[in-house]
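Work through the exercises below with the model open. Try each task before reading its solution.

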Amino acid sequence: MLYLAPLQGYTNYIFRNVYSRFFDGIDIAVSPFVSLVDGKRIKLTHLKDVLPENNSGMMVIPQILGYRPEQFIIMANDLYKLGYESINWNLGCPVPAIARKKRGSGMLSHPKLIEETLNEVLPNIPNKLSIKTRLGYLNNKELLNVIPVLNDFPLEFLNIHPRIGKQMYEGELDLETFSTCIKVSKHKIIFSGDIIDYDFYNKIKNQFPSINDWMLGRGLLSNLFLPNEILQKEDYSKEIKLEIFSNFINELFEEIKKTMTADVHLLNKMKEYWVYFKRMFVDGDEIFNTLKYIQDIEKFHKTTNEILKSAVLNIPFKYYK
Ligand SMILES: Cc1cc2nc3c(=O)[nH]c(=O)nc-3n(C[C@H](O)[C@H](O)[C@H](O)COP(=O)(O)O)c2cc1C
């Protein structure tokens with residue numbers, strides 16, 4: 001199965017809906033994290049990204065960040081009432097301000113706290129629970145100490161991004177430690193990290209033949225056709241791909257516009273997407289340089305469409321930063 005990675009700021013419900021209208025191959029998305037909140041009632045606005053009425057295109061597993069059991073139980077039950085039989089717990093977020101508060105990957109050096117949380121939470125929630133994690137926050141031994149704890153609980157799956165929190169999103173993947181994790185965990189493992197093209201996917205698949213589930217994040221934003229390439233599905237001509245991308249980006253623009261109160265926010269959001277989308281084009285850097293200095297939203301939109309009339313897709317896809 002192919003999972004869409006949670007990428008806070010990118011793979012929100014608008015992206016998921018628009019993406020699924022133009023591209024296929026993704027089976028399930030894990031949502032960007034929703035933080036636990038105080039109080040017995042959770043405002044629906046806090047759950048906006050996962051409200052069923054906002055999610056017509058893709059199956060979604062909402063992700064929760066935080067560890068206070070009481071709040072966890074309230075949120076999980078609310079999500080169940082909204083129809084979510086599966087939820088995901090974030091034990092991987094590397095952001096120092098979060099990790100320092102024993103949330104995200106900052107919890108991995110506290111196996112006892114994880115055990116206590118699961119002991120309290122699991123009997124009180126109707127949902128299936130899965131976990132998305134890293135190898136540790138400060139070092140790569142942390143998850144190995146947590147896995148024996150996790151093995152005592154019924155988890156739907158364990159999704160591992162084989163880096164430590166301190167690396168953020170850069171540097172080598174630690175596939176050796178990942179390999180040990182697979183051996184000691186009794187749960188189904190989903191791999192997440194640096195899948196940017198078919199060749200890398202194939203390499204990892206051959207190295208870890210027991211894994212059947214893959215999560216695509218930045219690689220998908222850099223090549224929206226990536227799931228099709230991985231699944232080796234029907235290939236379209238360059239012209240058709242460019243047309244699909246142009247229609248996609250116009251619809252993404254229109255949908256985001258509906259939710260933004262100020263043009264500058266729409267402009268900045270589109271520029272953020274283009275940091276990744278540019279990689280789909282032969283002259284991606286030039287395209288991005290043209291777009292990034294535009295300060296007027298109408299001009300930005302018009303220029304994007306002008307550029308796309310003659311842009312050349314980077315196919316066969318060659319990844320570059
Ligand atoms: C901008 C950004 C936001 C992210 N937000 C989340 C998040 O909300 N929850 C989470 O579990 N992981 C998050 N991640 C981690 C990704 O889901 C993924 O595990 C990681 O980027 C490695 O996979 P990739 O190389 O395919 O992107 C985020 C990563 C990035 C770059």
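The exercises go from single residues to a helix, the core, the domains and the ligand shell.

**Ground rules.** Residues are numbered from 1 along each chain as its sequence is written. The model is predicted: local features need pLDDT of at least 70, side-chain atom pairs count only at pLDDT 80 or more, and totals for chains, interfaces and linings use all residues.

**Exercise 1. Place Leu2 and Ala29, decide whether each is buried or exposed, and list what each touches.**

Step 1: find the elements. Helices (H or I, at least four residues) and strands (E, at least two) are DSSP runs, numbered from the N terminus. Leu2 sits in strand 1, residues 2-4. Ala29 belongs to strand 2, residues 28-30.

Step 2: count neighbours. A residue is buried if 20 or more other C-beta atoms lie within 10 Å of its own, exposed if 12 or fewer, and partly exposed in between; C-beta atoms are placed from the backbone. Leu2 has 20 C-beta neighbours inside 10 Å, so Leu2 is buried. Ala29 has 27 other C-beta atoms within 10 Å, so Ala29 is buried too.

Step 3: list contacts. Two residues are in contact if their C-beta atoms, placed from the backbone, lie within 7 Å. Setting aside neighbours within four places in sequence, Leu2 contacts Gly25, Ile26, Asp27, Trp214, Leu216, Pro227 and Ile230. With residues up to four places away left out, Ala29 touches Tyr3, Leu4, Thr11, Arg16, Met58 and Val60.

Step 4: check distances. Leu2 and Ala29 are 27 residues apart in sequence and 8.7 Å apart in space, C-alpha to C-alpha. For Ala29 and Glu251, the C-alpha distance is 20 Å and the sequence separation is 222 residues.

**Exercise 2. Explain why Pro62 counts as buried, and find its contacts.**

Step 1: locate it. Pro62 is in the loop between strand 4 (59-61) and strand 5 (63-65).

Step 2: count. Pro62 is buried because it has 26 C-beta neighbours inside 10 Å.

Step 3: list partners. Beyond four places in sequence, Pro62 touches Ser31, Val34, Val50, Leu79, Tyr84, Ile87 and Asn88. Between Pro62 and Val34, the C-alpha atoms are 7.6 Å apart, across 28 residues of sequence.

**Exercise 3. Inspect Met168 and Gln232: what is the sign of phi, and is each residue buried or exposed?**

Step 1: read phi. Met168 is not a glycine, yet its phi is positive, about 55 degrees. Gln232, also not a glycine, has a positive phi of about 50 degrees.

Step 2: place them. Met168 is in the loop between strand 8 and helix 6. Gln232 is in the loop between helix 9 (226-230) and helix 10 (238-259).

Step 3: count. Met168 has 11 C-beta neighbours inside 10 Å, so Met168 is exposed. Gln232 is exposed because 9 other C-beta atoms lie within 10 Å.

**Exercise 4. Find the buried residues of helix 5 and what they pack against.**

Step 1: list them. In helix 5 (residues 142-150), the buried residues are Glu142, Leu143, Val146, Ile147 and Leu150.

Step 2: take the arc, that of the directions from the helix axis to the C-beta atoms. These residues cover an arc of only 130 degrees, so they lie on the same side of helix 5.

Step 3: name the partners. The buried residues pack against helix 4 (111-121), strand 7 (128-136), strand 8 (158-164) and helix 6 (175-184).

**Exercise 5. Describe the largest nonpolar core.**

Step 1: define it. A nonpolar core is a set of buried Ala, Val, Leu, Ile, Met, Phe, Trp, Tyr and Cys residues joined through C-beta atoms within 7 Å.

Step 2: size it. The largest has 73 residues, and Tyr3, Leu4, Ile64, Met75, Ile87 and Leu216 have the most contacts inside it. Helix 2 (residues 69-81) gives the most to this core, with 5 residues.

Step 3: zoom in. Beyond four places in sequence, Ile64 contacts Phe33, Val34, Leu36, Phe72, Met75, Ile87, Trp89 and Asn90.

**Exercise 6. Characterise the domain contact.**

Step 1: divide the chain. Domain 1 is 2-230 and domain 2 is 238-310; the bounds come from an automatic or database domain assignment.

Step 2: count. The contact takes 13 residues from domain 1 and 15 residues from domain 2.

Step 3: find the main contributor. Helix 1 gives the most to the side of domain 1 that touches domain 2, with 5 residues.
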